[in-house]
Amino acid sequence: GINAEYMGEFLRRHSLGIMSDPNRPISSSAHSSYDTFQNTDHAKLDILDARSAFQKGDVQASILFHKLRGAQEEHQNGTNDYLKSLIYGGLDGIITTFATVTSVAGADMSAVVILVLGIAHLFADGLSMGMGDALSSQAEIEFNKSERKREKWEMENNLEGEIEEMVELYVKKGIQKEDAELILKTLAKYQDAFLDHMMVEELGLMPPDPDEAPLKAGGVTMGAFILFGSVPLSPYLIALIPALAMTAQTQLYLSVSFTVLTLFLLGALKGHLVDFDRNWLRSGVYMVINGSFAAFVGFIIGFVLNNYFHIGNLA
């Protein structure tokens, strides 16, 4: 990684405007650290993390990050590509299965019914979620590509008209017409850049990303759904081991405890990675409340149905 010597010297020189001073050489050990810096992944280093610098109000750290990383920043950091699918699938899986467990328990049905319904929902819903994520992502990609193709055709056949449309959008944003025309006529010299810009500003669509992999995202969603969705079922699975047999009430209490803890951790992770203020405690508590409310509704429905129709006697 980077040692304190290089970091301190780099920040000091940048603040003094003497970064390129040949008479102020950086030591060999600092150079070694810098070489290591250039060949490692720095997303986890808070001092070089643009978001962390923003949250802390650390201007120098932000300057250093952009100076060393350039335009890449963290936008191309692959670790975040499937974060949405992981959290989305995990939360949906654990809440869905938790509601299934509590609704069956509320109906006073046996643990066997909980396992059968829970596992069936786990895999069927997980597969459905994964396929839905993949298909919707693929549809979005194909739509964006078709719109970009249309815009390219219009640009090739009516460039002035496309520039005029963009000028009007710029003027609405408060930019002087003369400035807008200068910017856009310059940008129009570069077809790909102009097309991408038109997609965002005119159509509200992100340009197609060649690195997007809908099937992988769907697989992450399905895997997260099954993995986290199995948490509420884990006490019932453990109880199948003869040496670890436990009462139905104990199984339910453990299921609730494991699920609440996992919901909190998932919510805290979301808060830490997504929210700029990183209020992980609030995010964790919110997820617990959300999941618990769904489970409570399921329990009440199961309880009411059992009282009226005595469905617990059927299991």
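**Figure 1. T259 sits in helix α12 of this predicted model.** Let us start with a single residue and its surroundings. T259 has a relative accessibility of 0%, so this threonine counts as buried, the cut-off being under 20%. Leaving aside residues up to four places away in sequence, T259 touches I94, F98, V231 and P232.

**Figure 2. The whole chain is built from helices, with 13 helices and 0 strands.** Here we step back to see where the close-ups belong. Reading from the N terminus, the order of elements is α-α-α-α-α-α-α-α-α-α-α-α-α. The protein chain has 315 residues, and 33% of them count as buried. Among contacts with a separation of 6 or more, 67% are between residues 24 or more positions apart.

**Figure 3. Helices α5 and α12 cross at roughly 160 degrees.** Their axes come within 11 Å. Angles over 145 degrees count as roughly antiparallel, and α5 and α12 are therefore roughly antiparallel to each other. The crossing of α5 past α12 is left-handed. On the α5 side, the contact is made by L83, I87, G90, L91, I94, I95, F98, V101 and A105. On the α12 side, look for L252, S255, V256, T259, T262, L263, L266, K270 and L273. T259, the residue from the opening view, is thus one of the α12 residues in this contact. Sorted by class, the contact of α5 with α12 has 13 nonpolar, 4 polar and 1 charged residues.

**Figure 4. The largest nonpolar core gathers 12 residues.** Its members are L83, I87, L91, I94, I95, A224, F228, V231, L263, L266, M287 and V288. Four helices each supply at least two residues of this core: α5 (83–106), α10 (214–229), α12 (248–273) and α13 (280–309). Helix α5 provides the largest share, 5 residues. Some of these names will be familiar: I94 and V231 are core members, and both I94 and V231 are also touched by T259. As background, nonpolar side chains tend to be buried together in soluble globular proteins.

**Figure 5. Helices α5 and α6 pack at an angle of about 155 degrees.** Their axes are 10 Å apart, and the angle makes α5 roughly antiparallel to α6. Helix α5 passes α6 in a right-handed crossing, whereas the crossing of α5 past α12 is left-handed. From α5, the residues in this contact are S85, Y88, D92, T96, T97, T100, V101, V104 and A105. They meet V113, I114, L117, G118, H121, L122, D125, M129 and D133 of α6. The contact residues divide into 9 nonpolar, 6 polar and 3 charged. V101 and A105 belong to this contact, and V101 and A105 also take part in the contact of α5 with α12.

**Figure 6. D108 lies in the loop between α5 and α6.** This view follows the chain from one helix of the previous figure to the other. D108 has a phi near 60 degrees, which is a positive value in a residue other than glycine. With a relative accessible area of 58%, D108 is exposed.

**Figure 7. I119 is part of helix α6, which spans residues 111–157.** The relative accessibility of I119 is 34%, so this isoleucine counts as partly exposed. I119 touches I114, L233 and L237, again not counting residues up to four places away in sequence. I114 is also among the α6 residues that meet α5. I119 and G229 are 110 residues apart along the chain, and their C-alpha atoms are separated by 9.1 Å.

**Figure 8. V297 is found in helix α13.** V297 is partly exposed, its relative accessible area being 33%. Between the C-alpha atoms of V297 and G106 there are 9.9 Å, while their positions lie 191 residues apart in the sense of separation along the chain.

**Figure 9. Helices α7 and α9 pack at an angle of about 45 degrees.** Helix α7 covers residues 159–172 and helix α9 residues 191–203, and their axes are 11 Å apart. That angle makes α7 oblique to α9. The crossing of α7 and α9 is left-handed. In α7, the contact involves L159, E162, I163, E165, M166, L169 and Y170. Their partners in α9 are F194, H197, M198, E201 and E202. By class, this contact of α7 with α9 comprises 7 nonpolar, 1 polar and 4 charged residues.

Key
Residues are numbered from 1 along each chain as its sequence is written. This is a predicted model: local features need pLDDT of at least 70, side-chain atom pairs count only at pLDDT 80 or more; totals for chains, interfaces and linings use all residues. Side-chain values use heavy atoms; hydrogens and water are left out. Axes are lines fitted to C-alpha atoms, for helices over the stretch in contact, and angles run from 0 to 180 degrees between N-to-C directions. Angles under 35 degrees count as roughly parallel, over 145 as roughly antiparallel, 65 to 115 as roughly perpendicular and the rest as oblique. A crossing is left-handed if the near helix is turned anticlockwise from the far one by less than a right angle, and right-handed if clockwise. Contact means heavy atoms within 4.5 Å. Ala, Val, Leu, Ile, Met, Phe, Trp, Tyr, Cys and Pro count as nonpolar, Asp, Glu, Lys and Arg as charged, and the others, Gly among them, as polar. A nonpolar core is a set of buried Ala, Val, Leu, Ile, Met, Phe, Trp, Tyr and Cys residues joined through side-chain atoms within 4.5 Å. Buried means under 20% relative accessible area, exposed over 50%, partly exposed in between (1.4 Å probe, protein chains only).
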